[in-house]
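Biologist: Could you walk me through this one, starting with a strand and then moving to the aromatic rings?
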Amino acid sequence: MDISLIIPAYNEEKRIGDTITKASHFLQEHFKQYEIIVVDDGSEDKTVEIIRKIDDKRIACIALEQNCGKGRAVQVGMNSARGRYCLFTDADLPYRLESILKAIDVFQKTHADVVIGSRDLFKDKPDAAYPLYRKVMSMVFSTYMNVVLGLGITDTQCGFKAFTYEAANIIFPKLTVAGFGFDVELLYVAKKNKMHVGMIPVNLRHTGDSKINIITDSLKMMKDTVKVRINNYKGQYDK
């Protein structure tokens with residue numbers, strides 16, 4: 001298996017079919033063997049029904065019984081992935097699928113263990129405007145996170161991340177954060193295991209119907225950052 005693409009989904013009946021179609025066409029064009037794993041995070045609409053109607057053995061649907069959070073959905077998908085490279089992106093495909101090829105190029109040229117998308121590195125004008133208040137909140141969170149955890153990464157929350165199979169199997173079984181703060185935890189675990197983290201610039205295509213509440217979710221992520229420190233102190237990531 002060349003590629004495993006993980007897509008967490010929650011109440012995505014309006015676009016999940018189109019997302020899978022676009023992703024399938026792209027992967028089929030560039031790879032001999034691939035799989036798309038959609039992890040439904042306890043949707044209350046017809047998301048699961050739509051996915052399971054697609055007659056393609058390369059597309060799998062894992063349905064969680066209740067809404068657990070994006071972090072848990074990605075973790076479940078990654079723990080089931082078989083690809084040499086395992087990636088995840090959001091259900092609205094906010095970043096161009098060509099980012100997959102750029103990530104693999106970094107893997108092959110630098111022997112990176114993890115490759116993450118960074119909106120900060122994209123120097124051209126993005127396809128979609130990123131609201132100023134979200135930029136400010138992102139900057140505040142990144143500063144706080146780097147003080148607490150010392151990751152040295154300015155864009156931890158980008159929804160595009162890729163891993164070698166080996167790195168994914170070290171990182172994801174150890175994760176404890178179920179919500180949006182899981183990005184920080186997985187990067188901390190990668191750093192603790194002395195993994196090489198590469199970065200690629202990604203172009204934000206659209207902001208979509210964001211499910212993030214910029215105030216409450218930022219506070220939760222800050223709390224999760226402290227949880228990561230406590231977990232480390234207790235030896236959670238050494239198991």
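Modeller: Along strand S7, residues 197-201, Gly-198 and Ile-200 point to one face and are buried, while Val-197, Met-199 and Pro-201 point to the other face and are not buried. Buried means under 20% relative accessible area, exposed over 50% and partly exposed in between, with a 1.4 Å probe and protein chains only. Strands (E, at least two residues) and helices (H or I, at least four) are DSSP runs, numbered from the N terminus.

Biologist: What kind of model is this, and how are residues numbered?
Modeller: This is a predicted model, where local features need pLDDT of at least 70 and side-chain atom pairs count only at pLDDT 80 or more, while totals for chains, interfaces and linings use all residues. Residues are numbered from 1 along each chain as its sequence is written, and side-chain values use heavy atoms, leaving out hydrogens and water.

Biologist: In which sense do S5 and S7 pair?
Modeller: S5 and S7 pair in the parallel sense over five bridges, where pairing requires that DSSP finds at least two bridges between two strands. Met-199 in S7 is the bridge partner of Ile-116.

Biologist: New topic: how many aromatic pairs are there?
Modeller: Searching the whole structure gives five aromatic pairs. Phe-88 and Phe-163 form a stacked pair, at 6.3 Å centre to centre with 20° between the planes. Rings of Phe, Tyr and Trp (its six-membered ring) pair if their centres lie within 6.5 Å, and planes under 30 degrees apart count as stacked, over 60 as edge-to-face and the rest as tilted.

Biologist: Where do Phe-88 and Phe-163 sit in the chain?
Modeller: Phe-88 is in strand S4 and Phe-163 in strand S6, 75 residues apart, and both Phe-88 and Phe-163 are buried.
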